[in-house]
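Please look at the sequence and the model shown here, and then read the short report on its pockets and its strands.

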Amino acid sequence: MAEDAAAYLLDPDRALLFTADYFTPVVDDPFVYGQIAAANAFSDVYAMGGKPALALNLTSFPSRQFRVDEMEKILMGGAEKAREAGCIVVGGHTIDDAEPKYGMAVVGFADPRKIISKGGARAGDFLYLTKPLGTGILATAFKNDAISEMEISPAAAVMAKLNKEASESAVEAGLKGGTDVTGFGLLGHLWEMVQQADVSAKLYFSALPFIDGVEALAKKEWIPGGTYANRDLVSSHVELAKNFPDHRFLMAADAQTSGGLLLAVPRDKQPAFAVAMRTRGQEYWIIGEVEKGKPKIII
């Protein structure tokens with residue numbers, strides 16, 4: 001099965017988790033970009049209920065253009081998020097490239113009895129999301145000067161936030177099903193879950209959280225290419241409500257950078273999970289349900 005990170009059983013009490021991710025800038029500020037890229041790289045470990053332990057920087061940068069100060073700020077942003085995660089950056093590798101790229105290879109650890117997997121959802125579970133959506137649409141608008149740096153800042157804060165508290169809450173409550181929402185968007189990652197769990201899922205669009213301004217931008221077609229690809233990928237597996245607007249389908253399929261966790265929460269675990277999340281100051285939204293049936297997504 002395809003999971004968010006590779007898992008290797010070390011002994012009955014420890015599983016090693018290993019993942020890597022990097023991408024081009026989504027904001028202009030190099031320090032914030034470094035924070036976002038690091039938070040995104042750690043997310044796969046958090047999605048499986050683990051804790052990041054070691055990381056290597058992966059950097060492509062036009063260093064021969066004498067922009068080393070910008071690269072330093074990117075690495076400082078990544079290091080700041082690593083400290084917040086309790087993860088040690090132990091080195092890395094850099095190549096000279098015309099287009100900047102940054103991310104990390106991350107090693108983490110989890111209790112193998114408490115690992116969260118994409119196939120862990122069961123009929124009757126409720127679907128919870130821990131970050132609002134729309135970062136792909138907002139970043140596309142920003143890159144094309146359709147919105148200002150001030151207008152992209154709420155999205156930057158969402159992307160830079162670690163999934164640490166959400167992951168710890170999920171493990172504490174004993175959840176078994178979940179993933180993180182990144183490049184394949186909410187619908188793409190939910191489709192992975194229902195396939196692997198052999199269940200169906202129902203989403204309520206009115207319950208989906210979006211960062212301010214996303215729908216207005218979607219109506220103006222500030223849509224990244226990856227979002228169109230996500231829609232096309234899942235379209236044959238999605239049943240839409242009558243007269244459902246295409247721009248809203250794209251909003252639900254929007255390719256995310258460093259999105260939240262998508263978690264399947266059994267009814268009897270909802271109280272414990274809610275307490276764990278509130279104790280850690282973590283936001284969440286109940287966006288749908290898992291149902292019996294052939295794998296598909298109903299909106």
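## The largest pocket

In this predicted model, the largest pocket holds about 190 Å³ of space. Empty space of this kind is revealed by rolling a probe the size of a water molecule over the atoms.

The lining of the largest pocket includes Gly136, Ala139, Thr140 and Lys143, together with Gly225, Gly226 and Gln256. Helices α3 (135-143) and α8 (225-234) each supply at least two residues of this lining, and α3 gives the most, with four residues. Sorted by class, the lining has four nonpolar, seven polar and one charged residues.

## The second largest pocket

The second largest pocket has a volume of about 150 Å³, and among the residues that line it are Asp4, Asp21, Asp44, Lys118, Asp180 and Glu192. Here α1 (30-47) and α6 (185-197) each contribute at least two residues, while the classes are one nonpolar, four polar and six charged residues.

## The open sheet

Strands of a sheet pair through backbone hydrogen bonds, either parallel or antiparallel. One open sheet of seven strands shows mixed pairing, in the order β7-β10-β6-β11-β8-β12-β9. Because β7 (177-180) and β9 (238-239) stand at the edges with a single partner strand each, one side of each is left without a neighbour in the sheet.

Within this order, β6 (residues 126-129) and β11 (residues 285-291) run antiparallel and are joined by four bridges, with Leu129 opposite Trp285 in β11.

## A hairpin

Strands β1 (residues 6-11) and β2 (residues 14-23) pair in the antiparallel sense over five bridges, and Tyr8 stands opposite Leu16 in β2. A hairpin of two residues connects β1 to β2.

Technical notes. Residues are numbered from 1 along each chain as its sequence is written. This is a predicted model: local features need pLDDT of at least 70, side-chain atom pairs count only at pLDDT 80 or more; totals for chains, interfaces and linings use all residues. Side-chain values use heavy atoms; hydrogens and water are left out. Two strands pair if DSSP finds at least two bridges between them. On a 1 Å grid over the protein atoms alone, a cavity is a set of points where a 1.4 Å probe fits but cannot get out, and a pocket is an open set with protein on both sides within 12 Å along at least five of seven lines; lining residues have an atom within 4 Å of a point. Grid points are joined across faces, edges and corners, and a volume is the space filled by probe spheres set on the points. Ala, Val, Leu, Ile, Met, Phe, Trp, Tyr, Cys and Pro count as nonpolar, Asp, Glu, Lys and Arg as charged, and the others, Gly among them, as polar.
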